[in-house]
Amino acid sequence: MAYDEELADRVREIAYPGRTLTEQRMFGGLGFLTGGNMAVAVSGKGGLLVRVDPGEFESLQDGDAVAPMVMGGRVSRGWLRVTAATVADDAALREWVERGLDYAEKLPPKKKRSVSK
């Protein structure tokens, strides 16, 4: 399943003003990175994947609309899957996108890998 282009455009409207971001296609979705750290992604399975402070990981879940991201059968602590219905409202989408960006911006920038020839 391809990611939701409309949702990606809505994320762009929120994320870009005042920030330098990189977009990267991955895992059937579209990730938004700051400083080389992924902050939020429009998922190919629908909805968003949002990077959160691991200390808030448990408290932000409701088990249905906001649940842990699972990849390869393993829970990715610090990443939440937020359903499309949960972010249908612009204010709710803004809250989740800003949460992911705010946390990712606090992380040390990732160094670009150089390739030896």
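Two strands count as paired here if DSSP finds at least two bridges between them. With that in hand, welcome to a few views of this predicted model.

**View 1. Strands E1 and E2 pair in an antiparallel arrangement.** E1 covers residues 22-26 and E2 covers residues 29-34. Five bridges join the two strands, so the pairing rule of at least two bridges is met. If you would like a pair of residues to look for, find Glu23, which stands opposite Phe32 in E2. A useful reminder while looking at the strands: side chains in a regular strand alternate between the two faces of the sheet.

**View 2. Phe27 sits in the loop between E1 and E2.** The hairpin made by these strands has two residues between them. Which backbone angle is worth a look at Phe27? Its phi is positive, at about 50 degrees, although Phe27 is not a glycine. Is the residue buried or exposed? Phe27 counts as exposed because its relative accessibility is 69%, and the cut-off for that label is over 50%.

**View 3. Lys111 lies in the segment that follows helix H2.** The helix itself spans 90-106. Lys111 has a relative accessibility of 79%, and therefore counts as exposed. How far is Lys111 from Gly73 in space, C-alpha to C-alpha? The distance is 29 Å, while the two residues are 38 apart in sequence.

**View 4. The whole fold holds two helices and six strands.** Along the sequence these elements follow the pattern α-β-β-β-β-β-β-α. Of the contacts between residues at least 6 apart in sequence, 52% join residues at least 24 apart. Taken along the principal axes, the C-alpha atoms fill a box of roughly 50 × 30 × 30 Å. Why does the radius of gyration agree with a compact globule? For 117 residues, such a globule would have a value near 13 Å, and the protein has 14 Å.

**View 5. The surface and the charges round off the picture.** About 7,100 Å² of the protein is exposed, and carbon and sulfur atoms supply 51% of that area. As for the interior, 42% of the 117 residues count as buried. The protein carries 17 positive and 17 negative charges, and the mean positions of the two sets are 12 Å apart.

Definitions and conventions:
Residues are numbered from 1 along each chain as its sequence is written. This is a predicted model: local features need pLDDT of at least 70, side-chain atom pairs count only at pLDDT 80 or more; totals for chains, interfaces and linings use all residues. Side-chain values use heavy atoms; hydrogens and water are left out. Helices (H or I, at least four residues) and strands (E, at least two) are DSSP runs, numbered from the N terminus. The radius of gyration is taken over C-alpha atoms; the globule rule is 2.2 Å times the number of residues to the power 0.38. Buried means under 20% relative accessible area, exposed over 50%, partly exposed in between (1.4 Å probe, protein chains only). Contact means heavy atoms within 4.5 Å. Accessible areas come from the Shrake-Rupley method with a 1.4 Å probe; for residues, only the protein chains shown count as cover. Lys and Arg count as positive and Asp and Glu as negative; His and the chain ends are not counted. The place of a charge is taken as NZ of Lys, CZ of Arg, CG of Asp or CD of Glu.
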